[in-house]
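Me: I am new to this structure and would like to go through it slowly, asking at each step how a label was earned. Here it is, for both of us to look at.

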Amino acid sequence: MVHVLFRTLDVSEDVSFVITSSLSKDISGDFVCLRANALRTIVRILDSQTAVSFERQLNTAIVSEKPFLAATALFCCFHLQKICPELVKRCLVQIAGQMNSSNATVQAHAIQVLSEVNKNDRLALHRSITNFASAVIGNPVAETYLIGQCRKLLEQQHADSNLDSSLLEYLNLELTRTTEDMVALEAAKSAIALALECPKFNNDPERFLNVPVALNILKEFLEHDKDMVRYASIRVLYHVARKQPRFLSTLCEDIEPLLTDSCKPVAVLALITLLKCDAPHDKKFFMKQVGDLIVDVSDSQKVEIINALEESCLSDPQKVATVVKFIAAQLRDEGGKKAKACAVSTLTKLSSVYPAIHEECIADLCDFIEDCEHQSILIYIISFLGLEIPKTKTPGTHLRILVNRAILETPGVRAAAVDAMTSIAQQCPELAPAVVAALKSHMVNDTNDEVREVVHYSLKVLGADVNVDGYVSDGSTTINDLLVSEDSELEFSVDALIDECNKHLAHNNPARVDVNQLPSAAEYEEQKLVALRKTQAKAGVISSAVDQTEGGAVQPAAAMSQVRTQDVKLRVVETVAKFTENRVVIENVDAISTSMLLTETEAEYQVKALKYVCDQGKYIVVQVNVTNTIESQVLEHVELRTSRPNTPVYKVALVTTIPELPYNMTKSIWMLMEREQESDLSELLLEKEEIVLGTTLAFTVNDGDDSYPDDYAMNQLKIRPEDLFGELTSSPGDMMHRWQQLEAEEQVVKLNYGTQQDPSQIVDAIKKLPNSYVAESPFGAPGQVFVGLRLVGGVELYTLFHIVRANKGTLAKVAIRSVNPIAVQIMSKIAAKL
């Protein structure tokens, strides 16, 4: 227990010597279990320098005659390879000696360590696998590990055909000669995975891999007496069915008996596999088995079963009626939100594909919404019913359900129900009086403001009188009256009204918006153009302001850099105004980040991203530069698809596209992120550390003969605290003076960068901070680095690093000064990550 405690606690430098001394005594003791546990503990708390002192004890443990101790020492070598590879290399002779051990675990651990040492050398790793193959016959653990390594080597794209042939020969040999269940399963799994996923083999897998033998092995294991073996086999076949169901066309009859297997996980996987393969079966018996199996399974498995049933119905219309009844029954039974949402989605999709079951699906959904507990699912169903109920034979019979939802549910659901009722009334004029009566009698005085607005708007759209008791008491013309009126022409701009409402909400202004003070549409557009011109003059019309040095000399490089920066800002302002049609006018570009690679440099399509923080974080503009490096292809309709940011504060408002991208050309996609909630970007990044969006490039490939859609997954787009640093406005002399005169509390941080980085690497990392002024030894002391930065919003930040090389590694004392405590915290986090 003491050893476990040492591994979990953060051991300070003051007591580490005492602990390592105690553990060293345990390692030299006579009790094998205590020696092994102490050895496993000490490698967890050592660094690369102190680990060297335990080389003798490690060597002694590796060659120990006690299998438990030797295996533990080899496992520790596997861990030490990451922090002190030189120590492991000096122990290679002892490790190689354990290749001949009679103990299977020791031999397997020795192989793992030797493979880890050679993992970056493909030729050496191949040679090792070839040598190990003959030595480990009869050791299932080692053989299983070698098969996995063989698969990894074969999956590599840049491969040698001669090496591949010998590895394939070994893999095919393992398929036929082994008698161990574990080895046979791993060999069959690897062969099938290579046939399905590896581009080198999936065009003609049977030419290289003995896939029929692998499938035959899995077929035999389906009848094995051990539950674990049956489960492992059906799990491999399940993954095959998800990608290539045709491979299992001859195995469906062997899988069907597993539907009644005593092990429920086996039966569930067999069921999903058969559904994926769309195998012929007795529908009554099959659906009975589905109903029995789906009762106690997890939500994720229910989702897979329902999706598989949907795919089966789309390929075989005869199953539709049975499947719809089954899914409707699932809606009424117990289940989580994901399973319910999947069932609802399947019903809506099937009802749109097969008109014969449309009425039945509508009735099932109407029954379900009376007991549904999930608001998002309710809103989805009600919106669907608003579109589909008018297509039924008797739409009036379902209207009562929506009226009940409009009265009894939460505000979001009530608003959706009112909207659906309005849609039904518009498509079925004979129901309009009933809808209007229901809205007036139950909804017009709703307690929620937004629901009342929806009701008001719906009544106007339906041509009803909205002067109901208590709703409009002064007879004045409301904004809704103006917006829905077809006779009057608005005297003000709707865009100006939206801007004014947003300002009221942002400042919590209780006063009403006076539409008489709003500009007309023409005046509003003129105001936008004037604001744009002012912004352009502020951001970049720099040519008239280019200063010359004394005596009329050419301006220095710093001034030229400033002009180029202002040109970039002007281009950002103009581009955003252009692709938003002047709806978004950026007033100031506060910070410009360095280029960020979204793909590897040797990738088919090179993609880089530049980030611009604008208007103190109100907008974040991302410029994605795409380069087509494939000579025979022209990319058309290039789109950037992103996931939702990992914070609700920002949303992706607009993304442009590239119509055509020829070979060796670079063009830009512009993305605008807009702040939805009032939040300071600096505080947000301090809390989240980074804003993350998943990115994918979608396009149509035109190779001259044919065109087809394709997509290309890229790295995540990240907005980090470093992106908040804007252009400096102070001279170096002023910054030095302000550092000394700044009346702000200084925060001092002590950091240990470890032994892997020397002081010069830390200084280089500091110099790469964007938009920073860096001076080495500013006050005459060696090892000092002064950094001046300006955060978004104009907050200046000064940092003084004092970096030294010590026995414990590269140490740094970082002094940070700023009037803004958030800026200090951001800088301390950045300094710790250098």
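Me: To begin with the outside, how much accessible surface does the protein have, and what share of it belongs to carbon and sulfur atoms?

Reply: Bearing in mind that this is a predicted model, the accessible surface of the protein comes to about 42,400 Å², and carbon and sulfur atoms account for 49% of that area.

Me: And what is the protein built from, in terms of helices and strands?

Reply: The protein holds 35 helices and 18 strands, and of its 834 residues, 48% count as buried. Among contacts between residues at least 6 apart in sequence, 63% join residues that are at least 24 apart.

Me: Why is T810 called buried?

Reply: The label buried asks for a relative accessible area under 20%, and T810 has a value of 0%, so T810 is buried. This residue is found in strand 18, which covers residues 809–817. Leaving aside neighbours within four places in sequence, T810 is in contact with a list of residues that includes L751, N752, Y753, G754, I762 and R805.

Me: What makes D615 buried but Q616 exposed?

Reply: The two values fall under separate cut-offs, since buried means under 20% and exposed means over 50%. D615 has a relative accessible area of 17%, and therefore counts as buried, whereas Q616 has 52%, and therefore counts as exposed. D615 lies in the loop between strand 3 (605–614) and strand 4 (619–628), and Q616 lies in the loop between strand 3 and strand 4 as well.

Me: What is noted about phi at D615 and at Q616?

Reply: D615 has a positive phi of about 50 degrees although it is not a glycine, and Q616, also not a glycine, has a positive phi of about 55 degrees.

Me: Which residues form the negative surface patch, and how do you know that they count as negative?

Reply: The patch is formed by D333, E334, D367, E370, D371 and E373, and because Asp and Glu count as negative, a patch made of these residues is a negative one.

Me: Why is D333 called partly exposed, and where does this residue sit?

Reply: Partly exposed is the label between the cut-offs of 20% and 50%, and D333, with a relative accessible area of 41%, falls there and is therefore partly exposed. A patch residue needs over 30%, a condition that the 41% of D333 meets. D333 has its place in the loop between helix 20 (320–332) and helix 21 (337–353).

Methods. Residues numbered from 1 in each chain as written. Predicted model: local features only at pLDDT ≥ 70, side-chain atom pairs only at ≥ 80, totals over all residues. Heavy atoms only, no water. Helix = DSSP H or I, 4+ residues; strand = E, 2+ residues; numbered from the N terminus. Buried < 20%, exposed > 50% of the residue type's maximum accessible area, 1.4 Å probe, protein only. Contact = heavy atoms within 4.5 Å. Areas by Shrake-Rupley, 256 points an atom, 1.4 Å probe, with all protein chains shown as cover. Patch = residues over 30% accessible without salt bridge, like charges linked within 9 Å, V, L, I, M, F, W, Y side chains within 5 Å. Salt bridge = Lys/Arg side-chain N within 4 Å of Asp/Glu carboxyl O. Charge placed at Lys NZ, Arg CZ, Asp CG, Glu CD.
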